[in-house]
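Student: I have a structure to read and some terms to get straight. Can we go through them?

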Amino acid sequence: MDGAVSLSKMVDYTICLEPQNELEQLMLSTLDASYNESINVSQYQPLRYRPIGVSIETKRTGENYHEAAFQLQVWLAAQFKKLETLGNPFHSRPESLFFPGIIIQGHNWLFVAAVKDPTTSRITFYDQIRIGDTQNLENFYRVIVTLQRLAQWVKSTLPSLYTDLLSVSGGTS
């Protein structure tokens with residue numbers, strides 16, 4: 001994979017980071033200096049300077065879950081590859097890298113995670129972790145709380161990841 005994802009494998013929705021101050025300047029200089037079109041695997045213009053934190057794939061009830069899981073696996077693997085084109089994501093953080101995803105199939109919301117090991121570069125995918133559903137209020141609240149926690153993770157984790165990554169690459173990958 002070259003860091004680009006074919007249009008047929010794009011996800012439906014994302015939760016993105018809105019970069020501020022230093023990070024925004026690092027992204028602008030990195031993209032301008034390297035002629036990269038986007039900080040993400042997506043070339044979609046509104047996402048150019050907004051790192052994707054959570055990728056969301058939707059399927060109707062009864063549609064193939066495994067197809068959705070495969071689509072997210074391809075997307076998340078490409079997201080890791082895109083990070084590597086910007087620099088060494090393990091330079092200042094020896095721990096594994098993690099990107100979350102969600103598959104919504106009908107009423108059911110399922111959590112997906114892609115974890116990249118820094119020593120082997122192997123990506124492990126975890127899926128079919130039930131979040132909740134939209135069929136009753138209690139399960140719907142579980143969905144809302146999970147979305148809030150993932151949005152908080154995006155705000156608290158991605159700024160340092162991208163700042164470290166782009167600072168090390170000197171904004172000129």
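Tutor: Here are short questions on the terms, each settled against its definition.

Tutor: This is a predicted model, where local features need pLDDT of at least 70, side-chain atom pairs count only at pLDDT 80 or more, and totals for chains, interfaces and linings use all residues. Residues are numbered from 1 along each chain as its sequence is written, and side-chain values use heavy atoms, with hydrogens and water left out.

Student: How many helices and strands does the protein chain have?

Tutor: The protein chain has 3 helices and 5 strands. Helices (H or I, at least four residues) and strands (E, at least two) are DSSP runs, numbered from the N terminus. From that end, the order is β-α-β-α-β-β-β-α.

Student: What makes β1 and β2 partners?

Tutor: Two strands pair if DSSP finds at least two bridges between them. Here 4 bridges join β1 to β2 (residues 52–59), so by that rule they pair. The two strands run antiparallel. Tyr-13 stands opposite Ile-56 in β2.

Student: Why are β1 and β5 placed at the edges?

Tutor: The open sheet of 5 strands has the order β1-β2-β3-β4-β5, with mixed pairing. β1 (13–16) and β5 (123–133) each have a single partner strand, so one side of each lacks a neighbour in the sheet.

Student: Which strands does helix α2 lie across?

Tutor: Helix α2 (residues 65–86) lies across β2, β3 (97–105), β4 (108–116) and β5. Its direction makes about 155 degrees with β3. Axes are lines fitted to C-alpha atoms, for helices over the stretch in contact (heavy atoms within 4.5 Å). Angles run from 0 to 180 degrees between N-to-C directions. Helix α3 (residues 137–168) also packs on the sheet, touching β1, β2, β3, β4 and β5.

Student: How do you know that the span of α2 agrees with what is expected?

Tutor: The expected span is 1.5 Å times one less than the number of residues. For the 22 residues of α2 that gives 32 Å, and its end C-alpha atoms are 32 Å apart, so the two agree.

Student: What follows α2?

Tutor: Gly-87 follows α2, with a positive phi near 155 degrees.

Student: What makes Phe-98, Phe-111 and Trp-153 a cluster?

Tutor: Ring pairs link these three residues. Rings of Phe, Tyr and Trp (its six-membered ring) pair if their centres lie within 6.5 Å; planes under 30 degrees apart count as stacked, over 60 as edge-to-face and the rest as tilted. By this rule the count is 3 aromatic pairs.
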